[in-house]
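The exercises below are meant for a reader who is meeting this structure for the first time. Please work through each task with the sequence and the model in view before turning to its solution.

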Amino acid sequence: MADFKVTVLDPTTDFAKLKYWDVVIIGAGPSGLAASLTTAHRGLTTLVVEAKSEPGGQPQFLYADKKIVDIPGFPDGITGHELSERTFRQATDALVQFRFEEELIENQDTEQKEREDPLKKVVTSKGEYLCRKVIIACGLLHYPRKLPVLDALEWKKVHYKVPRINDYHGDHVLIVRGGDSALDAAVMALQRNARVDVIVREEAAVGKADTVGRVEQLGGRVRTSAEVVGASLQDGHLVTSLTDGTELTSELAIVQIGFLSAKETFERLAIRLNEDGSITIDPYFETSRHGIFAVGDVHGDIKLVTVAWAEGIQAAIYAFKEITSPYWLNEKRLHDYKLVMIGEKMTDAASAHSGRGK
Ligand SMILES: Cc1cc2nc3c(=O)[nH]c(=O)nc-3n(C[C@H](O)[C@H](O)[C@H](O)COP(=O)(O)OP(=O)(O)OC[C@H]3O[C@@H](n4cnc5c(N)ncnc54)[C@H](O)[C@@H]3O)c2cc1C
């Protein structure tokens, strides 16, 4: 039982019959999950749309096994996976609803209103959702770049993130690209008894020199000025051919060739963006479109789980206040505006006064 007043959503609610959602949140990473449980804890019907098949965002997809050590209250650290699993459980316990493998396409305005509040239509790759408020929490970098020649095989042993820790029993692991994350994956696999080939397009691996040295010291082979140009599956093994004609047979491939940025998604949303492509927000986390908030890595400089949580929670509370007291944000803005005007008048008066004294 929580110590603060949680308005429990009715567990018998038939979410399929809702005419509209109070809040639709895009992204089930740290900021989206924190926002979702905050709105649900205030009795708002909340839907989270997530492009991937699982919740968690970067901690789950990019560093599931890493111990995060900078989260207050976890002196021994907590893995990205456990953190994601716990936060997701908290959200589902609060009756947040989730749609996975569904991607935001755009947000449309509608003519429909609910208590003076114009409803929005969130259009996704699989459907449309009417809602009162939208919180964009989709991070900045999401989709690992795919390597078409390997992706076309649809083989489940082509990994675009470092797979779970394993003993490779002398298996041959193919690693594509020589950046830091690819080299770290090579070291990890070599330490677990794999034979490793790192395929680097450039003349030298671009990752840290000492990691390159470590890969070679552990028996890994770094093949520079080489690209994978052909691939096939033979007897359950991956056979790849390289630009120099070499053929390699592997039991697993790890591809680490960077990420696609979310910029394209942002551009479709018709909201104001900063020069660096991130989303512009006001002090209440609202974007240039009324009723659409943005939190977490989608804006700002400090990219941390705790910051993403804090922003998700704040935006959720602002959204709640707007829903329960529609003029609240406008009044706050008027108040801010008056303070700025008073500040400007005081500065003008001070400079006029100091000018007189000269
Ligand atoms: C290697 C690495 C290590 C890190 N280590 C730490 C650390 O030790 N401590 C720390 O505090 N922070 C760390 N961070 C940073 C931290 O992970 C991020 O700041 C945090 O995950 C941001 O959360 P978010 O919810 O804003 O975005 P994300 O975690 O990126 O989550 C966004 C979610 O939105 C989904 N999504 C994207 N586009 C769409 C779409 N169009 N439709 C639907 N869903 C979509 C994505 O699939 C994703 O699940 C690390 C980051 C990296 C890359």
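**Exercise 1. A residue and its surroundings**

Leaving aside its neighbours within four places in sequence, which residues is Ile135 in contact with?

*Solution.* The model is a predicted one, and the contacts are read from it as follows. Once the neighbours within four places in sequence are set aside, Ile135 is in contact with Val23, Ile25, Ala35, Phe293, Val295, Ala315, Ala316 and Ala319. The next step is to place Ile135 in a wider setting: the largest nonpolar core has 49 residues, and Ile135 is listed among those with the most contacts inside it, together with Val24, Ile136, Phe293, Val295, Ala315 and Ala319. Elements that give two or more residues to this core include strand S1 (21-26), helix H1 (30-40), strand S8 (128-136), strand S19 (292-294) and helix H8 (305-324). Of the contributing elements, H8 gives the most, with 9 residues. Apart from this core lies another, of 32 residues, among them Leu147, Val158, Leu252 and Ile254.

**Exercise 2. The chain as a whole**

Into which domains is the chain divided, and how far apart do the C-alpha centres of domain 1 and domain 2 lie?

*Solution.* Begin with the inventory: the chain has 9 helices and 19 strands, and 37% of its 358 residues count as buried. The C-alpha atoms fill a box of roughly 75 × 70 × 40 Å, taken along the principal axes. The division then gives domain 1, made of 15-143 + 260-335, and domain 2, which covers 146-257. The C-alpha centres of domain 1 and domain 2 lie 35 Å apart. As a last step, consider the contacts with a separation of 6 or more, of which 62% are between residues 24 or more positions apart.

**Exercise 3. A covered helix and the ligand shell**

Is H1 mostly covered or uncovered, and what covers its buried residues?

*Solution.* Counting along the helix shows that 11 of the 11 residues of H1 are buried, which makes H1 mostly covered; Pro30, Leu33, Ala35 and Leu37 are among the buried ones. The cover over these buried residues includes S1, S2, H2, H3, S8 and H8. H1 also has a part in the surroundings of the ligand, where H1, helix H2 (58-61) and H8 each supply at least two residues of the shell. There are 33 residues around the ligand, and Gly27, Gly29, Gly57, Gly139 and Gly296 come nearest. Sorted by class, this shell has 16 nonpolar, 11 polar and 6 charged residues.

**Exercise 4. A sheet and a hairpin**

In what order do the 5 strands of the open sheet come, and which are its edge strands?

*Solution.* The order is S10-S17-S11-S12-S13, with parallel pairing. Strand S10 (158-159) and strand S13 (221-223) are the edge strands, each of them pairing on one side only. To look at one pairing in detail, take strand S12 (residues 195-199), which pairs with S13 in the parallel sense over 3 bridges; there, Val198 has Val222 of S13 as its bridge partner. An antiparallel pairing can be set beside this, since strand S14 (residues 228-234) is joined to strand S15 (residues 237-242) by 6 bridges. Gln234 has His237 of S15 as its bridge partner. S14 and S15 form a hairpin with 2 residues between them, and Asp235 in the turn has a positive phi of about 50 degrees.

**Exercise 5. Degrees of exposure**

Why does Phe98 count as partly exposed, and why is His169 exposed?

*Solution.* Phe98, found in strand S5 (residues 97-99), counts as partly exposed because 19 C-beta neighbours lie inside 10 Å, whereas 20 or more would make a residue buried. Beyond its neighbours within four places in sequence, Phe98 is in contact with Ala28, Val48, Glu50 and Pro55. His169 belongs to the loop between S10 and strand S11 (172-176), and it is exposed because it has 9 other C-beta atoms within 10 Å, where the limit for exposed is 12 or fewer. Leu95, in the loop between H3 and S5, is partly exposed, with 18 C-beta neighbours inside 10 Å. Although neither is a glycine, Leu95 has a positive phi of about 70 degrees, and His169 has one of about 45 degrees.

Methods
Residues numbered from 1 in each chain as written. Predicted model: local features only at pLDDT ≥ 70, side-chain atom pairs only at ≥ 80, totals over all residues. Core = buried A, V, L, I, M, F, W, Y, C linked by C-beta atoms within 7 Å. Helix = DSSP H or I, 4+ residues; strand = E, 2+ residues; numbered from the N terminus. Contact = placed C-beta atoms within 7 Å. Near = placed C-beta within 6 Å. Nonpolar A, V, L, I, M, F, W, Y, C, P; charged D, E, K, R; others polar. Pairing = 2+ DSSP bridges. Domains from an automatic or database assignment.
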